[in-house]
Amino acid sequence: MYNTIQFLHSYWAYLVLTILVLATFNALIKFFGNKEFQANDFRISLFALIVTHIQLLLGLFLYFVSPFGLKNITTNGMGGLDSFSRLLAVEHPFVGILAVVLITIGYSKHKKKLTSRPKFKVLSIFYTLGLILVLSRIPWSNWF
């Protein structure tokens, strides 16, 4: 079960990154281009929200069952972690949760706006911040 969830979390990350980049650039381009908010824009931002939440659930499951998550902290203590172990046990989960929170806030706030420009502005700000956080904590050495 652990290997399956780890596989899903690793490869779902490619989908998350692709959709999050798409949603972020969609919001930025349409914000600066003064475009109208349409149903397709809503779907793109919603899909980005959904895939990031699924990734969060997979990651939280891994955090509690993986030897690199909570078990690593309880076994070695915070002082006993090297930089890569600290990335996997502390930084990656914390920043991932923070990114999902920002994306969720942006999605929720954009629904309360009545016109297109404020909708795109909120999505642009929060999705860009979420994307930057996600990019900052990806264990790139495992990806390539």
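**Exercise 1.** In this predicted model, decide whether Ser 45 is buried or exposed, and work out what surrounds it.

*Solution.*
- Start with the address: Ser 45 sits in helix H2.
- Now check the accessibility. Ser 45 has a relative accessible area of 3%, and buried means under 20%, so Ser 45 is buried.
- Next, look for a polar partner. A polar atom of the Ser 45 side chain lies 3.0 Å from the backbone oxygen of Phe 42.
- Finally, list the neighbours. Leaving out residues up to four places away in sequence, Ser 45 touches Tyr 107, His 110, Leu 123 and Tyr 127.

**Exercise 2.** Take His 110, one of those neighbours. Which helix holds His 110, and which residues does His 110 touch?

*Solution.*
- Find the helix: His 110 belongs to helix H4, which covers residues 83-112.
- Check the surface: His 110 has 0% relative accessibility, so it counts as buried.
- Go through the contacts, again skipping residues up to four places away in sequence: His 110 touches Phe 37, Phe 42, Ser 45, Lys 119, Val 122 and Leu 123.

**Exercise 3.** Find out what is unusual about the backbone of Asn 34, and say where Asn 34 lies.

*Solution.*
- Recall the rule of thumb: most residues other than glycine have a negative phi.
- Compare: Asn 34 is not a glycine, yet its phi is positive, about 50°.
- Locate the residue: Asn 34 is in the loop between helix H1 (2-32) and helix H2 (39-65).
- Check the surface: with a relative accessible area of 54%, Asn 34 is exposed.

**Exercise 4.** How many salt bridges does the structure hold, and which residues do salt bridges join into one network?

*Solution.*
- Count them: there are 3 salt bridges.
- Take Asp 41 and Lys 30: their closest N and O atoms are 2.8 Å apart. This pair links helix H2, home of Asp 41, with helix H1, home of Lys 30, and the two residues are 11 residues apart. Asp 41 counts as buried, at 2% relative accessibility.
- Move on to Glu 91 and Arg 86, whose closest N and O atoms are also 2.8 Å apart. Glu 91 is partly exposed at 22%, and Arg 86 is partly exposed at 35%.
- Then take Arg 137 and Glu 91, with closest N and O atoms 2.9 Å apart. Arg 137 lies in helix H5 (residues 116-137) and Glu 91 in helix H4, so this bridge ties together parts 46 residues apart in sequence.
- Put the pieces together: salt bridges with shared partners join Arg 86, Glu 91 and Arg 137 into one network.

Terms used
Residues numbered from 1 in each chain as written. Predicted model: local features only at pLDDT ≥ 70, side-chain atom pairs only at ≥ 80, totals over all residues. Heavy atoms only, no water. Helix = DSSP H or I, 4+ residues; strand = E, 2+ residues; numbered from the N terminus. Buried < 20%, exposed > 50% of the residue type's maximum accessible area, 1.4 Å probe, protein only. Contact = heavy atoms within 4.5 Å. Polar contact = N/O pair within 3.5 Å; in protein donor to acceptor, adjacent residues only side chain to side chain. Salt bridge = Lys/Arg side-chain N within 4 Å of Asp/Glu carboxyl O.
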